[in-house]
Amino acid sequence: YNGGRCSLIHHNGYRFDQGPSLYLMPKIFEERFQDLGEDIHHHIDLLKCPSNYTVHFHDGKQFELTTDLSKLCRSLEKYEGNNESTLMNFYKFLNESHIHYERSVKVVLKTNFQHWYNFFNIKHIPTVLKLHLHNSVYTRACKYFKSEYMRMAFTFQTMYMGMSPYDGLGAYNLLQYTEISEGIWYPKGGFNKVLQSLESIAVEKYGAKFNYNCDVQEIIIDGKGMAKGIKLKNGNVVNSDIVICNADLVYAYNKLLPKTPYAKKLDKCKLTSSSISFYWSMNQIIPQIAVHNVF
Ligand SMILES: Cc1cc2nc3c(=O)[nH]c(=O)nc-3n(C[C@H](O)[C@H](O)[C@H](O)COP(=O)(O)OP(=O)(O)OC[C@H]3O[C@@H](n4cnc5c(N)ncnc54)[C@H](O)[C@@H]3O)c2cc1C
């Protein structure tokens with residue numbers, strides 16, 4: 001089956017999304033479908049969550065994060081005070097996180113770093129200087145929000161990537177920007193619908209073939225260090241011009257590629273935290289909780 005961390009669980013007539021529940025950065029998804037000559041809206045029915053999430057604080061207080069700016073600002077005032085500076089500071093925060101978003105997409109997401117020295121390209125310097133890589137996400141939030149509640153509400157998002165807001169680089173507040181400006185979406189039929197659509201386009205339009213249920217044991221590397229194929233667990237060898245490996249980095253370096261000192265070094269790295277998921281089906285609507293809740 002397709003999907004990996006984004007696959008489905010079927011149990012007792014219920015369907016559960018195994019991993020993702022926040023569809024963010026819709027433009028990036030649109031562009032990937034455009035790359036395939038398709039309009040995403042012909043494949044996926046996207047529903048905008050009426051509210052992004054409700055943050056439930058330790059003392060029972062709540063904060064609703066929404067793309068409705070007037071509603072959001074009224075909620076903000078409860079924590080930051082009903083004065084001019086509250087809104088001004090919030091807009092300054094949005095301005096900064098917008099710059100982080102735009103520049104990171106351009107210079108990081110859409111740039112191929114083939115060699116380590118590509119990172120040090122002189123033309124990237126003005127961009128990198130604007131990303132606040134010397135500050136943490138939390139430090140940036142402290143500049144714009146004075147209440148601890150709002151500092152928490154506008155920084156916890158680094159946990160999506162297993163990071164603490166006290167360590168995550170300032171640029172990562174781009175997540176808050178995309179949530180506030182573009183919203184959180186839900187693909188009707190579950191997140192796996194995106195992958196099913198990509199698979200059908202690949203098969204029907206481009207003649208791709210997917211081989212499921214065959215574990216890769218090794219990526220075969222030639223004498224010049226180039227990947228030239230894969231060896232499957234059943235012993236079959238598949239030669240190819242290109243090998244694209246999307247398994248976890250530390251695992252791939254240690255289990256699929258020839259052992260190197262770099263792989264050993266990676267193996268010793270402290271990994272970010274994972275998650276524990278409970279898949280519950282409800283026989284009633286629970287009005288006290290929103291679509292997404294953060295405690
Ligand atoms: C609980 C949870 C919640 C999440 N929530 C969100 C969210 O709200 N929003 C969001 O954008 N993202 C979210 N994510 C992250 C998102 O699910 C992943 O980033 C995304 O699914 C990764 O896709 P991938 O194809 O890169 O990797 P994977 O899904 O990890 O796919 C890698 C595939 O490679 C296969 N593979 C590995 N080794 C081998 C081998 N030796 N032989 C054959 N096959 C192999 C694996 O079986 C797997 O199918 C969440 C993840 C989790 C776990």
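This report describes the salt bridges, surface patches and cysteines of a predicted model.

**Salt bridges**

The structure counts eight salt bridges, and among their members Glu31, Arg32, Asp35 and Lys110 are linked in a network. The pairs in this network are set out below with their nitrogen-to-oxygen distances.

| Acidic residue | Basic residue | N to O distance |
|---|---|---|
| Glu31 | Arg32 | 4.0 Å |
| Glu31 | Lys110 | 2.7 Å |
| Asp35 | Arg32 | 2.9 Å |

Glu31 thus appears in a salt bridge with Arg32 and in another with Lys110. Because Glu31 belongs to helix α1 (residues 26-35) while Lys110 sits in the loop between α3 (84-109) and α4 (125-129), their pairing ties together parts that are 79 residues apart in sequence. The bridge between Asp35 and Arg32, by contrast, stays inside helix α1, where the two residues are three positions apart, about one turn of the helix.

The solvent exposure of the network members can be given residue by residue. Glu31 is partly exposed, because its relative accessible area is 21% and the buried class ends under 20%. Arg32, at 39% relative accessibility, is partly exposed, and Lys110 is likewise partly exposed at 46%. Asp35, with a relative accessible area of 55%, falls in the exposed class, since that class begins over 50%.

**Surface patches**

A positive patch on the surface is made up of Lys255, Lys259, Lys264 and Lys268. One of these residues, Lys264, lies in helix α10 (residues 261-267), and its relative accessibility of 54% makes Lys264 exposed.

A nonpolar surface patch is formed by Ile276, Phe278, Trp280, Met282, Ile286, Ile289 and Phe295, which together have about 890 Å² of accessible area. Ile276 is located in the loop between α10 and β10 (293-294), and with 74% relative accessibility Ile276 counts as exposed.

**Cysteines**

The model contains zero disulfides. For Cys49, which takes part in no disulfide, the nearest cysteine sulfur is that of Cys6, 15 Å away; a disulfide would require the two sulfur atoms to be within 2.5 Å, so this pair does not qualify. Cys49 is buried, its relative accessible area being 6%. Cys73 is also in no disulfide, and the nearest cysteine sulfur, belonging to Cys142, is 20 Å away. Cys73 is buried as well, with a relative accessible area of 6%.

Key. Residues numbered from 1 in each chain as written. Predicted model: local features only at pLDDT ≥ 70, side-chain atom pairs only at ≥ 80, totals over all residues. Heavy atoms only, no water. Patch = residues over 30% accessible without salt bridge, like charges linked within 9 Å, V, L, I, M, F, W, Y side chains within 5 Å. Areas by Shrake-Rupley, 256 points an atom, 1.4 Å probe, with all protein chains shown as cover. Salt bridge = Lys/Arg side-chain N within 4 Å of Asp/Glu carboxyl O. Lys, Arg positive; Asp, Glu negative; His and termini not counted. Charge placed at Lys NZ, Arg CZ, Asp CG, Glu CD. Helix = DSSP H or I, 4+ residues; strand = E, 2+ residues; numbered from the N terminus. Buried < 20%, exposed > 50% of the residue type's maximum accessible area, 1.4 Å probe, protein only.
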